[in-house]
Every structure is written in structure tokens, then in C-alpha cells.
Amino acid sequence: MDEEKIILDLLKGMDLPRDVEKYDLKFSPDSTGTPSVYVNLHIANDIHPTKEKISRLSQARRAITSKLLASGLDNYPYVKLVTD
Amino acid sequence: MSLHADLLAQAKSLALLEKGKPKQASLRRAVSCAYYSLFHLLVGEGAALLGSKLSKDARAKLQRSFMHADMKTVCMSYTQPQARFNAQIAPLLGFPLQPELVALAGLFVLLQEERHSADYDVAAVFNRADVLTLVEDLTIARGGWSTVRTSDNAKVFLADLLLRKSWSRQ
């Protein structure tokens, strides 16, 4: 199974917070040349995020990262919160 | 307060510096502060562990011996499954590694990459929620680290951060 499908299946199986509007993947070497996958979680550009929202997003990023690392991907996963 | 604690506090302050739309410069410096908070936490702990019998000056010199790129390589390895672990170092560790140690190592990798982007990628756009979430992640990881820092695995990890290349020789 290719890693894109593994990651997408994993994300579909997770209960992501409502703050995550959509997600996409980008496969690219990181700054030191390590094969990597950037999991972009798209969120609203909120300039006054509440503590609760930050807590939800932190929990989501940590949970996704933990699952991706445990799955032993060849590409190192970076989970990023991006705005459109 | 310690340097690493001050840097964490400064990261949060910078992320919230502007009352309205945050300046990219503030968010970028916040990311950098968050990374260096974790860097100095680990380097300080590593030097304290390895140089406990050294003078203050010698311990400071020991701290300067830790290399960012090498630390990233080491941290990356601590996030990987046991089967992929460096064969020379795996026997020194007890598996499974504590989740708090794995989380800290993973956050170091993420923060270093974000810092690189913050300092060098002029096209990158940072947002306040992301930066505050990184600060939150770091706060939680530091709390987790405090529960495992005296464990044998944590001590090997700290030494590994400095000695990986030497230890990897057969």
C-alpha cells in the first residue's frame, strides 16, 4: 500500500476537531534532505484563538503525529496547521 | 527562571504581541524561541548529566558541543519503530520507549524544521493558532519530559544527542 493511502486512511479513521476544515498531503524532502510528508491541516485564520481551540489543535496534532510515527512510514511525517 | 523557561515564555509573548493581526516577524521569532527553548533544555540536561564533575566553564563548553543537525538525527531515530533503531545503540535502551520521550523527540524534529522555515523561508506564512499550538505542544512535552528525565532511557537519550556518531562506530 502506498504511503499516501496509509496516511489518508489513518486520517479518515480519526475524530478530528471541527477546527480542521480539510487536510492535504505534500511529499517533499525536509530542510536536511530527509524524505518527508507534510500533513497540512487547514484551519481558519483566527487571530484570537481561544485556549480551548489551541488545546484541541494541539491534541489533534499530537495524536496524528503519534499514529503516523507508529505506522513506520518511510517518509518522516510533519503535521502542520495552515491557513488558506 | 532558566534560559529554556524564559524562551518558552518569550515564544508565547511574541505569538500574542500584537493585539490585532500578528506580524509575521513576531510569529517567526516565536517559533525560533520555542525551538531554542527545547534545544537549551536538552543541551542543559545533557551537559549536566555528562559533565556533572566538570567546572562551570567546562560544562558550558560541553553544551557548545551539541550540534543541531546531529540532535535532529538522533531525535528522529527515537520516534521510529524499534526494528529501525540504530543497532549499536538499541541494546542500551529499554523498549518500548516511554511515550513522553518519543513525543519530546518528535517535537524537537518538528520545531527544528519550523525554525528553519521561520528563519530562512521567506515564502512561508505563519499563523497565530499554529504558533500557539506549537507553544502548547512544547509545554506539554516539557511536562512529560519531567516525568521521565531521570529514567535510564532518558539518560541514554541525552548522551546519544551528543555521542551518536561515536556510539555508532562498530
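Visitor: Which handedness does the crossing have where H4(B) passes H5(B)?

Guide: This is a predicted model, so keep that in mind as we go. H4(B) and H5(B) pack with their axes 8 Å apart, at an angle of about 135 degrees. As H4(B) passes H5(B), the crossing is left-handed.

Visitor: How do H4(B) and H5(B) lie relative to each other, oblique or roughly antiparallel?

Guide: Their packing angle is about 135 degrees. Roughly antiparallel would need an angle over 145, and roughly perpendicular runs from 65 to 115. The angle between H4(B) and H5(B) therefore makes the pair oblique.

Visitor: What class do most people look for first here: how many nonpolar residues are in the contact of H4(B) with H5(B)?

Guide: On the H4(B) side you'll find His68(B), Met71(B), Lys72(B), Cys75(B), Met76(B) and Tyr78(B). H5(B) answers with Leu101(B), Val102(B), Ala105(B), Phe108(B), Val109(B) and Gln112(B). Two residues of this contact are polar and one is charged, and the nonpolar ones number nine.

Visitor: Is Val102(B), in helix H5 of chain B, buried or exposed?

Guide: Val102(B) sits in helix H5 of chain B. The cut-off for a buried residue is 20 or more C-beta neighbours within 10 Å. Val102(B) has 22 of them inside 10 Å, so it counts as buried.

Visitor: Which residues does Val102(B) touch, leaving out those up to four places away in sequence?

Guide: Start with Tyr78(B), which is 24 residues from Val102(B) along the chain, though their C-alpha atoms are separated by 5.9 Å. With residues up to four places away left out, the list for Val102(B) is Tyr78(B), Thr79(B) and Leu97(B).

Visitor: Where in chain B is Pro96(B) found?

Guide: Pro96(B) follows a cis peptide bond: the one from Phe95(B) to Pro96(B) has omega near 0 degrees. As for its place, Pro96(B) is in the loop between H4 and H5 of chain B.

Visitor: How are H1(B) and H2(B) oriented to each other, roughly parallel or roughly antiparallel?

Guide: Helix H1 of chain B covers residues 3-15 and helix H2 covers residues 24-50. They pack with axes 8 Å apart, at an angle of about 165 degrees, and their crossing is left-handed. An angle over 145 counts as roughly antiparallel, and H1(B) and H2(B) are therefore roughly antiparallel.

Visitor: How many charged residues does the contact of H1(B) with H2(B) have?

Guide: H1(B) brings residues including Leu3(B), Leu7(B), Leu14(B) and Ala15(B). Among those from H2(B) are Arg29(B), Cys33(B), Tyr36(B) and Leu41(B). By class, the contact has twelve nonpolar and six polar residues, and the charged count is one.

Visitor: Is Leu138(B) buried or exposed?

Guide: Leu138(B) is in helix H6 of chain B. Beyond four places in sequence, Leu138(B) touches Leu8(B), Ala34(B), Ser37(B), Leu38(B) and Leu107(B). With 27 C-beta neighbours inside 10 Å, Leu138(B) counts as buried.

Visitor: Which element gives the most residues to the side of chain B that touches chain A?

Guide: The contact takes 22 residues from chain B and 23 residues from chain A. On the chain B side, the elements giving two or more residues are H4 (68-78), H5 (99-120) and H6 (128-148). By class, that side has nine nonpolar, six polar and seven charged residues. The top contributor, with eight residues, is H6(B).

Visitor: In what order do the three strands of chain A form their open sheet?

Guide: S1(A) and S2(A) pair in the antiparallel sense over eight bridges, while S2(A) and S3(A) pair in the parallel sense over seven bridges. The pairing in the sheet is mixed, and the edge strands, S1 and S3 of chain A, each pair on one side only. The order is S1-S2-S3.

Visitor: Which residue in S2(A) is the bridge partner of Phe27(A)?

Guide: S1(A) and S2(A) pair in the antiparallel sense. In S2(A), the partner of Phe27(A) is Val37(A).

Visitor: How many residues of strand S3(A) are buried?

Guide: Strand S3(A) covers residues 76-82, and in it Val82(A) stands opposite His42(A). S3(A) is mostly covered, and of its seven residues the buried ones number five.

Notes: Residues are numbered from 1 along each chain as its sequence is written. Chains are lettered from A and ligands numbered from 1 in the order in which they are written. This is a predicted model: local features need pLDDT of at least 70, side-chain atom pairs count only at pLDDT 80 or more; totals for chains, interfaces and linings use all residues. Two residues are in contact if their C-beta atoms, placed from the backbone, lie within 7 Å. Helices (H or I, at least four residues) and strands (E, at least two) are DSSP runs, numbered from the N terminus. Ala, Val, Leu, Ile, Met, Phe, Trp, Tyr, Cys and Pro count as nonpolar, Asp, Glu, Lys and Arg as charged, and the others, Gly among them, as polar. Axes are lines fitted to C-alpha atoms, for helices over the stretch in contact, and angles run from 0 to 180 degrees between N-to-C directions. Angles under 35 degrees count as roughly parallel, over 145 as roughly antiparallel, 65 to 115 as roughly perpendicular and the rest as oblique. A crossing is left-handed if the near helix is turned anticlockwise from the far one by less than a right angle, and right-handed if clockwise. A residue is buried if 20 or more other C-beta atoms lie within 10 Å of its own, exposed if 12 or fewer, and partly exposed in between; C-beta atoms are placed from the backbone. Two strands pair if DSSP finds at least two bridges between them.
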